Amino acid sequence: MILASLISALRSARHVVVFTGAGVSAESGIPTFRDALTGLWERFDPGELATPEAFRRDPALVWGWYEWRRMRVLQPQPNPAHLAIADLARHVPQLTLITQNVDDLHERAGSEDVIHLHGSLHRPRCFACAREPAEPLPAADEPEGGRRLEPPRCSHCGGRLRPGVVWFGESLPVAALSAAFKAADECDLLLSVGTSGVVYPAAEVPHRARDAGATVVHINPQGEAPGSNREHLLALPAGKALPELLHEAFGG
Ligand code: BJW
Ligand code: ZN
C-alpha cells in the first residue's frame with residue numbers, strides 16, 4: 001500500500017528525478033555490489049579490480065574480470081522497474097534519469113538521455129590517450145570470472161584499452177555530474193531506486209534534492225527508515241514498487 005500523499009506528490013510534480021543503482025537491475029539477474037551473499041564485492045576485492053592502480057599492476061586480471069561482467073550484462077533483459085521508469089517519463093512534464101549503473105538496461109527499456117555517473121561497460125577507452133576504439137568490442141564467449149585476458153591495444157597509440165567505467169579515486173564525468181546536481185537541485189520529487197547510497201559523490205544526489213525541498217522516495221527492500229519528514233521509504237523490490245506507483249498515480 002503506497003501512501004496517498006506520495007501518489008499525489010508524483011501526480012503534481014513538474015520535474016521528477018529518478019536516481020538508480022545496482023538494485024534496479026537485480027531483478028534482471030545482474031548482481032549488485034554490496035548485497036550480502038550475492039553482491040560482487042562479497043567475492044571480489046574492489047581494491048584488486050576497481051582502481052587505476054589495480055589496472056596498472058595487473059591489466060589482464062582487471063580486463064578479464066570486466067569482460068566477464070560485460071558478457072554477463074548482454075543477455076539479461078530490462079525488468080518491470082526499468083520499463084516503469086521509461087513509462088513514467090511519458091506521464092510527467094520533465095523527467096531526468098540519473099544512473100550509477102554501467103549496464104545499458106535503461107536504454108534498452110526505452111529511456112532516453114540517461115545520465116551515467118559511473119560510465120559504461122560498453123565504452124572502453126585507451127588507458128594512455130583516452131581515445132575510444134573505432135569499432136565496438138565484439139561479443140566474446142563468456143570468460144570465466146577470474147580468467148585473465150590481455151586487453152586489446154589502442155589503434156592510435158598502442159596503449160592498452162581499459163573499461164569505460166569510473167574507478168575508485170577517479171573523477172566522475174564532469175558534464176554528467178553537473179547535470180545530475182542541477183536536476184537534483186531543481187526537481188520537486190526524486191525517486192532513489194536500488195542503491196546503498198555509500199559511494200560519493202553520487203550519493204549526494206538525493207541529499208541535494210531533499211535539502212532543496214524536494215520529496216525523496218527511497219525504493220529498496222533493505223532500506224533504512226529515513227530521518228527526515230520529506231523522505232519516505234518503500235521497502236519493496238523495485239520491480240514491484242515502481243509499476244504499482246505508476247498504476248496508482250496514472251492508472252493503466
Ligand atoms: C534492491 C533490489 C531490488 C537489491 N529492488 N533495491 C566522501 C566520503 C567518503 C569517501 C569518499 C567521499 N568522496 C569520495 C570518496 C571516495 C570514493 C567513495 O565514495 N568511497 C566510499 C565507498 C567510501 N569515491 C570515489 O572514489 C569516486 N571518485 C571521486 O570521488 O573522485 C574524486 C576524488 C579523486 C581522488 C581522491 C578522492 C576523491 C568514484 C567512485 C566510483 C565508483 N565506482 C563503482 C564501480 C564502477 C565500475 C564497476 O562496475 O566495476 O560504481 S563502485 C560501485 O558502487 C559501482 C556502483 O555504481 C556504486 C554504487 O553502488 P550501488 O549501485 O549503490 O550498489 P550496491 O550494491 O551498493 O547497493 C544495491 C542496493 O540495491 C542495496 O541497498 C540493496 O538492498 C538494493 N536492492 N535488490 C530495489 N530488487
Ligand atoms: Zn591510445
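**Reading two ligand sites**

Q: Which protein atom lies 2.7 Å from an oxygen atom of ligand 1?
A: It's a backbone N or O atom of G169. Keep in mind that this is a predicted model. For a polar contact, look for a pair of N or O atoms within 3.5 Å. Y200 offers another one, with a polar backbone atom 2.8 Å from an oxygen atom of ligand 1. With E27, the side chain does the job: one of its N or O atoms is 2.8 Å from a nitrogen atom of the ligand.

Q: How much of ligand 1 does the protein bury?
A: Start from the ligand on its own, which exposes 1,500 Å²; the protein buries 74% of that.

Q: What makes up the shell around ligand 1?
A: Sort the residues by character and you get 18 nonpolar, 12 polar and 5 charged. Of the 35 residues there, Y66, R69, E170, T195 and S196 come nearest. Then see where they come from: domain 1 (1–29 + 77–120 + 172–252) and domain 2 (31–75 + 125–162) each give at least three. Helices α2 (23–26) and α6 (59–74) each chip in at least two.

Q: Which residues coordinate the zinc ion (ligand 2)?
A: Go by the donor atoms: they're the SG atoms of C126, C129, C154 and C157, at 2.3 to 2.4 Å. Along the sequence, these donors follow the spacing C-x2-C-x24-C-x2-C. C126 sits in strand β4 (residues 119–126) and C154 in the loop between β4 and β5 (161–165), so this pair ties together parts 28 residues apart in sequence.

Q: What geometry does the site of the zinc ion (ligand 2) have?
A: Four tetrahedral donors would ideally give angles of 109.5 degrees. Here the 4 donor atoms make angles of 100 to 117 degrees, and the site is tetrahedral.

Note on methods:
Residues are numbered from 1 along each chain as its sequence is written. Chains are lettered from A and ligands numbered from 1 in the order in which they are written. This is a predicted model: local features need pLDDT of at least 70, side-chain atom pairs count only at pLDDT 80 or more; totals for chains, interfaces and linings use all residues. Side-chain values use heavy atoms; hydrogens and water are left out. A residue is near a molecule or strand if one of its heavy atoms lies within 4 Å of it. A polar contact is a pair of N or O atoms within 3.5 Å; within protein, one must be able to donate a hydrogen and the other to accept it, and residues adjacent in sequence count only if both atoms are side-chain atoms. Accessible areas come from the Shrake-Rupley method with a 1.4 Å probe; for residues, only the protein chains shown count as cover. Helices (H or I, at least four residues) and strands (E, at least two) are DSSP runs, numbered from the N terminus. Ala, Val, Leu, Ile, Met, Phe, Trp, Tyr, Cys and Pro count as nonpolar, Asp, Glu, Lys and Arg as charged, and the others, Gly among them, as polar. Domain bounds come from an automatic or database domain assignment. Donors are N, O and S atoms within 2.8 Å of the metal (3.2 Å for Na, K and Ca); water is not among the atoms, so sites may look incomplete. Four donors count as tetrahedral if all angles lie between 85 and 135 degrees; four count as square planar and six as octahedral if opposite donors are over 155 degrees apart and all others between 65 and 115; anything else is irregular.
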